[in-house]
Amino acid sequence: MKFGVFGTGTVGVTIATKLHALGHEVMLGGRTAGKDSQLTFVKAHGARARSGTYADTAAFGEIVFNCTSGEGSLAALAAAGDVRLGDKILVDVSNPLDFSKGFPPSLLISNTDSLSEQLQRAHPRLKVVKTLNTVNAAVMTAPQNVANGDHDLFIAGDDAAAKRTVSELLQTFGWRAPIDLGDIKAARGMEAYLLLWVRLAGAMKTPSLNIRVMR
Ligand SMILES: NC(=O)c1ccc[n+]([C@@H]2O[C@H](COP(=O)([O-])OP(=O)(O)OC[C@H]3O[C@@H](n4cnc5c(N)ncnc54)[C@H](OP(=O)(O)O)[C@@H]3O)[C@@H](O)[C@H]2O)c1
């Protein structure tokens, strides 16, 4: 399958590398096509790896991942353009973190709205599916490295078929089926969880952690 990955930081490169390792064709997209991390990704992975702008990447991917910084996500999708995004699935991994006052961060959007909802409202045909944002980049693609994979991910979005597709994809990453929290409004809690996550990572002295939901 062809995947577009928006975001040239740790998360974008980690997701792109995993998708490539699973045999997919992947384009790593940023504001330009020539950032060091993009060129390194293409050089390291050869034929099925490409770099591009957000517009190139939106046109290339059958499914697109949003791994851009929370404050840049709306601009990244605007640059990608509705014509190229169409009614594709957007897997939204971003968090609206505000580091302007240092650490710990606060949320740029919260309580009655979320970044995922803003992305969905800005691009109504897009099928926004929120997931993976509650774990560190290294855990996203190697869940087995924490408690042998015995822990949970969440998923939210308005389109049930899109959530099923993303859930199946996550299982190829090594995840068990994520807990479906319902429509895209559930992204409010998933994003706000980051306020707890940053403290947890500090308390546990590692970002390589996750939670398991029991009842
Ligand atoms: N790091 C983690 O472990 C982790 C875990 C869970 C969720 N997340 C979330 O995943 C996302 C990516 O995190 P990250 O640490 O990999 O990288 P990041 O530094 O948060 O984001 C890097 C990407 O954002 C793009 N960007 C920044 N400002 C932009 C703007 N104004 N317009 C368009 N694009 C802009 C950059 O574009 P250029 O390529 O053009 O510079 C780059 O591709 C974030 O939302 C983060 O909160 C991160």
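User: Where is Asn 111 found?

Analyst: Asn 111 is in the loop between strand 7 and helix 6 (115-122). Helices (H or I, at least four residues) and strands (E, at least two) are DSSP runs numbered from the N terminus. The model is predicted: local features need pLDDT of at least 70, side-chain atom pairs count only at pLDDT 80 or more, and totals for chains, interfaces and linings use all residues. Residues are numbered from 1 along each chain as its sequence is written, and side-chain values use heavy atoms, with hydrogens and water left out.

User: What is the phi of Asn 111?

Analyst: Asn 111 has a positive phi of about 65°, although it is not a glycine.

User: What makes the bond from Phe 103 to Pro 104 a cis peptide bond?

Analyst: Its omega is near 0°. Pro 104 lies in the loop between strand 6 (97-98) and strand 7 (106-107).

User: How do you know that strand 2 and strand 3 pair?

Analyst: Two strands pair if DSSP finds at least two bridges between them. Strand 2 (residues 25-30) and strand 3 have five bridges, in the parallel sense, so the criterion of at least two is met. Among the bridge partners, Leu 28 has Ser 51 in strand 3.

User: Which strands stand at the edges of the sheet, and why is one side of each left without a neighbour?

Analyst: The sheet is open, with eight strands in the order 3-2-1-4-5-8-9-10 and mixed pairing. Strand 3 (49-53) and strand 10 (179-180) stand at the edges; each has a single partner strand, so one side is left without a neighbour in the sheet.

User: Why is the approach of Thr 68 to the ligand called a polar contact?

Analyst: A polar contact is a pair of N or O atoms within 3.5 Å (within protein, one must be able to donate a hydrogen and the other to accept it, and residues adjacent in sequence count only if both atoms are side-chain atoms). A backbone N or O atom of Thr 68 lies 2.7 Å from an oxygen atom of the ligand, so the pair qualifies. Polar backbone atoms of Ser 69, at 3.0 Å, and of Asn 95, at 3.1 Å, also face a ligand oxygen atom within that limit.

User: Which classes make up the shell around the ligand?

Analyst: The shell has eight nonpolar, 13 polar and two charged residues. Ala, Val, Leu, Ile, Met, Phe, Trp, Tyr, Cys and Pro count as nonpolar, Asp, Glu, Lys and Arg as charged, and the others, Gly among them, as polar. Helix 1 (10-21) and helix 7 (137-140) each supply at least two shell residues.
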